[in-house]
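Reader: Hey, can you walk me through this one? I'm new to reading structures.
Author: Sure, have a look and ask away.
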Amino acid sequence: MSAPAAPVGRTGEGAADLDELAAILDGAAREARATRQPGADLTVADAYQVQARSVGLRLGRGERRIGYKLGFTSRAKMAQMGLDEVIWGRLTDAMVIPDGGDADYRRFIHPRVEPEVCFLLGEPLAGTVTPLAAMRALAGVAPALEVIDSRYRDFKFSLADVVADNCSAAGIVVGPWTGAAADVANLGLVLELNGAPAQVGSTAAILGHPVRSLVAAAHLVATAGERLEAGDLVMAGAATEAVALAPGTRVRLQVERLGSVGFNLTREG
Ligand code: OOG
Ligand code: MG
């Protein structure tokens, strides 16, 4: 009698299964075609392995690492997705959409946009650091938009699923840089779609103070033996719920004192 086949990604499973899932998720992103969720047997620890391997496939094709993103750093996002643990993912240069530029709708499956702030590191930051040390390592801060695009059907996932999928990372748009000394604790923000407000909020919604995202990033990436490097970007996480984007949408975010950032999602056909 033969043993039943083990589900993909179960703890203790061979590396091959994690590689296979990494390849499936990478393929889904490249082809902009949704795939099914891996299932309940994938652990969060294995999911980070899958993420590292799928981003490894991108780097193997010549993409360059540019930093990290955090997810579920606001109550609004946790409530929207029904998950309440801070997660982190990796950013590459292929994800960058120029401020004021166009993003091709065909690149995405079911894109959503989030209002964020982005940090630029002036010095490396590693492991357990204080908010003051995190602040001192900064070279700048900017208003930013993240385009998330889950590779899973119906944008539905467990914590492990979304971690494996590089936290839905698909695009970032970074606005003008302001000096590192800028106080980002509680800045009002408005996310507009086609000129109409879609979300209104404050940077205070990001872990109470966005610098806590930077502290969390330094700590979390260290668990994978990595650190924030000088020149890295860190996306702090959405301050409000994410908003679904239809083709042909003009997106703009205004953040008090930091200024604005935007892009256009191209029309269909
Ligand atoms: C996961 C990514 C969440 C954020 O800013 O909270 C995220 C998702 O909701 O698909 O990027
Ligand atoms: Mg985000």
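Author: One term to start with: buried means under 20% relative accessible area, exposed means over 50%, and partly exposed is in between (1.4 Å probe, protein chains only).

Reader: Okay, and what kind of model is it?
Author: This is a predicted model, where local features need pLDDT of at least 70, side-chain atom pairs count only at pLDDT 80 or more, and totals for chains, interfaces and linings use all residues. Residues are numbered from 1 along each chain as its sequence is written, chains are lettered from A and ligands numbered from 1 in the order in which they are written, and side-chain values use heavy atoms, with hydrogens and water left out.

Reader: So how many helices and strands are there?
Author: The protein chain has 6 helices and 13 strands. Those are DSSP runs numbered from the N terminus: helices are H or I with at least four residues, strands are E with at least two.

Reader: How compact is the chain?
Author: Its radius of gyration is 18 Å, close to the 18 Å from the globule rule for 269 residues, so the protein chain is as compact as a globular protein of that length. The radius is taken over C-alpha atoms, and the rule is 2.2 Å times the number of residues to the power 0.38. Also, 51% of the 269 residues count as buried.

Reader: Switching topic: what coordinates the magnesium ion (ligand 2)?
Author: Glu114, Glu116 and Glu146 do, each through OE, at 2.0 to 2.1 Å. Donors here are N, O and S atoms within 2.8 Å of the metal (3.2 Å for Na, K and Ca); water is not among the atoms, so sites may look incomplete.

Reader: Where do Glu114 and Glu146 sit along the chain?
Author: Glu114 is in strand E4 (residues 112-121) and Glu146 is in strand E5 (residues 138-148), so to speak a link between distant parts of the chain, 32 residues apart.

Reader: Is that pair buried or exposed?
Author: Glu114 is buried, at 3% relative accessible area, and Glu146 is buried too, at 1%.

Reader: Anything odd in the backbone?
Author: Most residues other than glycine have a negative phi. Asn166 is not a glycine, yet its phi is positive, about 50°. Ser168 isn't a glycine either, and its phi is about 65°.

Reader: Where is Asn166?
Author: In the loop between helix H5 (159-164) and strand E6 (169-174). Ser168 lies in the loop between H5 and E6 as well.

Reader: And are they buried or exposed?
Author: Asn166 is buried, with 4% relative accessibility, and Ser168 is buried with a relative accessible area of 3%.
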